[in-house]
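Here are a few short exercises to work through with the model open beside you. Try each one before reading its solution.

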Amino acid sequence: MPTNANLLPASKPADDDGLLCDLIRLTPVPTVLLDASLLVRQVSDSYLLISGASDRNALVGMQADDLFNYTTTTTTLPAFASARKVIRAARDTRSVHQMKCVLDTGAAWNLRAVPIVRHDHLRCIQMEFLDITDDHRKQLELEERVYANETFRILVETVKDYAIFMLDPTGHVATWNAGAQAFKGYTKADIIGKHFSAFYGKEDLADGKPERELRDALRDGRCEDEGWRYRSDGSRFWANVVITPVYKADVLLGFSKVTRDLTESRLAEQKLIAAYEEASKLKSEFLANMSHEIRTPMHGMLSALTLLLDTQLDTNQLELAHVIQESGDVLLQVINDILDYSKLKSGSFSVSQDIISVTDIIQSVFRAHQACHKPGVKLESVLDPHLPKSAEGDSLRYRQIIQNLLSNATKFTEEGYVRIVAKLIKEDDEFYTILTEVIDTGIGVPTGGPGTLFTPFTQFDNSATKRYKGTGLGLSICKSLAELMGGKIGFHPNPEGHGSVFWFTAKLKRCKQMSLVEALQDKTLSTSARSTALVNPMEEMKVVAADKRILLAEDNLMNQKVMLKMLIGLGFQGVDVAQDGKEAVTKALHDPTSYDLILMDVNMPVQDGVSATKELRDKGLQIPIVAMTANALKGQAESYIAKGMTGYIAKPVDRSLLIKLLMNSLKRKGPG
Amino acid sequence: MSASDDKSGDIMLIPGAEDTIDPATFEQILEMDEDEVEREFSRSIVYDFFGQADSTFKKMESSLEKKEGEYLKELSELGHFLKGSSATLGLTKVKDSCEKIQHYGSQKDETGVKDITEKESCDKLKTTIAQAKKEFLEVKDVLKEYYKDTD
């Protein structure tokens with residue numbers, strides 16, 4: 001056989017040549033040498049080692065397929081099928097074939113079959129088994145990493161709604177994405193290598209904000225900020241920025257910076273806030289306007305009524321006029337209640353801190369009620385002698401609560417007593433806590449009622465033929481007022497049988513300077529004494545006038561002179577004069593707090609009194625404006641009131657009427 | 001304070017005063033005087049009025065004669081102006097006439113209710129201004145006498 005003949009002479013010198021023998025036997029690559037008929041002619045030591053066979057002679061002479069079957073039992077070598085395929089391919093094509101085999105165990109092998117051909121005859125096949133497990137694993141890892149990196153790269157680069165980029169450890173821009181380009185305006189070439197502080201405004205730069213943010217990020221592992229950032233063209237946007245330090249094996253690689261453009265959401269937010277503010281402003285304006293619009297004619301009506309009551313009326317007329325007055329007063333109270341309530345609800349209500357005496361307040365309210373209480377009801381007051389003579393508080397509001405509770409008590413009590421009790425329950429270095437109780441023997445509160453007592457617009461008598469009038473706001477206003485004074489309000493049934501006890505507490509600040517306090521207190525006492533006793537209206541006027549300023553708008557110099565003289569005679573020291581309506585408007589608006597009242601002639605050149613009044617009202621001036629008019633036309637004077645005047649007085653001005661009107665207007669000014 | 005308490009004499013006792021002066025209003029002015037003999041304040045007011053009235057009547061007469069532009073409106077305003085001054089002093093007759101001038105000037109009848117023609121206005125204004133002036137001179141005499149002015 002030519003094949004055998006060819007093989008023998010070749011093997012001879014190989015056997016003889018130790019070098020060739022060593023080449024096969026000692027190669028570190030596990031190798032099997034097969035002859036053309038695929039019989040094993042030689043195996044390397046390394047092959048023996050990995051195949052687990054102990055005896056070379058057992059392997060030599062084996063058919064290749066048997067050899068691989070034998071070796072597969074050790075499971076360290078690749079499957080027989082792969083080796084077989086490579087050998088066959090090498091034999092048939094006479095070219096080098098190799099194949100990578102990955103086993104289930106994770107081991108990887110490179111199988112290489114090298115055909116040795118002499119004179120177009122296949123002499124032998126050198127079969128190598130190279131363990132490439134480690135390389136394979138590395139390759140896999142690499143592939144995986146490349147894949148992941150690529151995915152993230154694509155993700156980051158294509159995101160347009162976020163600017164995502166990396167900074168090096170010193171804060172210079174290292175990467176740039178589409179989003180960053182889209183809303184920062186820099187191209188990749190522009191910005192890479194520049195410091196990220198380029199995005200910040202002057203103020204932030206001066207403030208050292210960029211550096212601080214990196215420091216904060218390093219310290220806290222993250223830094224988030226909202227603020228203005230600048231584009232390449234200098235325009236700015238409202239941004240949310242998150243800076244995170246990036247480490248690899250504890251070495252700082254840099255920072256990732258994610259910036260979101262919040263301009264639109266911020267705009268939407270601002271629009272929402274603006275809309276809300278506008279709505280609430282409109283609401284309060286509406287309330288203020290409405291109450292003003294209602295109160296102005298009410299005041300006019302009531303002042304006219306007061307004047308009417310002083311004229312010669314017969315019994316019938318007098319009775320009717322009294323009915324009008326009473327209803328008008330109630331209506332005014334209702335309007336004031338609603339205004340107070342809406343002010344309290346909107347939080348625009350504040351209590352002043354004057355020097356007050358609780359005893360005085362209670363006594364004054366008590367006296368007012370004493371004058372008109374029902375004959376079957378005994379009105380009593382029990383005042384703790386320890387009540388402070390003076391403390392800081394709001395006398396008007398304190399009075400309002402007592403007034404309210406006391407009138408409730410008298411309203412619902414037909415017989416028995418109404419008692420007002422005030423005591424000092426706590427005293428420390430800063431505050432006096434005062435408990436005021438109003439106890440009555442009236443109809444009381446039905447069981448289950450106390451829960452809703454202080455709820456606005458609630459009244460127990462909701463029947464169509466309501467016996468007791470009111471808005472149901474009184475107690476809820478009292479509650480808010482008591483809370484504003486740092487106190488509480490409450491109810492419990494009268495322990496002496498039927499009736500109610502309404503109580504409230506108030507925390508009043510101690511006065512610091514005693515000498516000043518005493519002086520002020522003297523003043524309070526004397527004024528309250530004056531206002532309660534029936535004194536000469538002229539004297540009363542002088543007391544009220546002392547600190548009031550009046551603007552007199554009158555074009556006729558002669559009348560101006562007379563009015564000035566009259567006002568000074570009434571005790572007004574600060575009277576300013578305007579020659580016409582326009583000057584009156586200018587003067588009154590120059591400093592809206594400078595006048596307490598305006599006396600306005602109706603017919604004046606340049607701008608008449610009615611249009612001046614309208615302008616002042618439109619511009620929000622609330623002080624009383626009294627029209628002076630010689631127009632005897634019926635109904636005309638009344639129309640001035642509808643146009644914003646508080647009251648009117650006929651010319652020639654009668655002094656006692658003027659006093660009445662001024663007293664009414666100036667006194668009412670307070671609560672308004 | 002009432003008129004009878006007035007030590008320097010009661011103006012209402014001067015002939016002609018009763019119809020032309022409203023005592024309450026005038027007394028109110030008198031009460032503003034600090035010195036009841038000198039009566040500096042009320043005197044100055046009264047003489048201011050004399051001056052005002054003289055010039056106003058002159059303006060009225062010339063305006064009614066020329067009939068230029070919105071002369072009726074101007075007359076109405078002048079009437080209103082003098083009405084205010086005379087009312088302050090309580091010079092009732094002058095005040096009432098001035099009010100009529102105001103109405104006629106705005107082409108209304110004497111009560112200010114019904115419309116009248118321009119011609120009617122002019123006719124009525126002519127007589128009423130003359131009347132007002134006459135009334136003014138009458139009351140001027142009374143006041144002058146009161147202030148012992150012998151000019």
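**Exercise 1: two cysteines and the disulfide count**

A:C223 has a relative accessibility of 7%, so it counts as buried. Keep in mind throughout that this is a predicted model.

Task: is A:C478 buried or exposed, and how many disulfides are there over all chains?

Solution. Start with the cut-off: buried means under 20% relative accessible area. A:C478 has a relative accessible area of 1%, so it is buried. Next, the disulfides: a pair of cysteine sulfur atoms must lie within 2.5 Å to count. By that rule the count over all chains is 0.

**Exercise 2: the annotated aspartate**

Task: find where A:D601 sits in chain A, and work out which residues A:D601 is in contact with, leaving aside neighbours within four places in sequence.

Solution. Begin with the record: an unreviewed UniProt entry places "modified residue: 4-aspartylphosphate" at A:D601. Now the location: A:D601 belongs to strand β19 of chain A, which covers residues 597-601. Then accessibility: A:D601 comes in at 3%, so it counts as buried. Last, the surroundings: with neighbours up to four places away in sequence left out, A:D601 is in contact with A:A553, A:E554, A:D555, A:G609, A:M628 and A:K651.

**Exercise 3: where chain B meets chain A**

Task: describe the contact between the two chains, asking how many residues each gives and how many salt bridges there are between them.

Solution. Count residues to begin with: chain B gives 24 and chain A gives 19. Together the chains bury about 1,800 Å², with 59% of it on carbon and sulfur atoms. On the chain B side, B:Q28, B:M32 and B:H80 supply 27% of the area buried against chain A, more than any other three residues. Moving on to the polar side, there are 3 salt bridges between the chains. One pairs the side chains of B:E31 and A:R655, at 3.2 Å from N to O. The interface also has 10 residue pairs in polar contact, both partners at pLDDT 80 or more. As for elements, α2 (23-31), α3 (40-66), α4 (71-89) and α5 (92-105) of chain B each give two or more residues to the side that touches chain A. The largest share there, 8 residues, comes from α4(B).

**Exercise 4: the annotated histidine**

Task: what does B:H80 touch, not counting residues up to four places away in sequence?

Solution. Place the residue: B:H80 lies in helix α4 of chain B. The unreviewed UniProt entry annotates B:H80 as "modified residue: Phosphohistidine". At 15% relative accessibility, B:H80 counts as buried. Finally, beyond those sequence neighbours, B:H80 touches A:N603 and B:Q102.

Key. Residues numbered from 1 in each chain as written. Chains lettered and ligands numbered in written order. Predicted model: local features only at pLDDT ≥ 70, side-chain atom pairs only at ≥ 80, totals over all residues. Heavy atoms only, no water. Buried < 20%, exposed > 50% of the residue type's maximum accessible area, 1.4 Å probe, protein only. UniProt positions renumbered as here; feature names shortened; annotations may be inferred. Helix = DSSP H or I, 4+ residues; strand = E, 2+ residues; numbered from the N terminus. Contact = heavy atoms within 4.5 Å. Buried area = accessible area lost by both parts, 1.4 Å probe. Salt bridge = Lys/Arg side-chain N within 4 Å of Asp/Glu carboxyl O. Polar contact = N/O pair within 3.5 Å; in protein donor to acceptor, adjacent residues only side chain to side chain.
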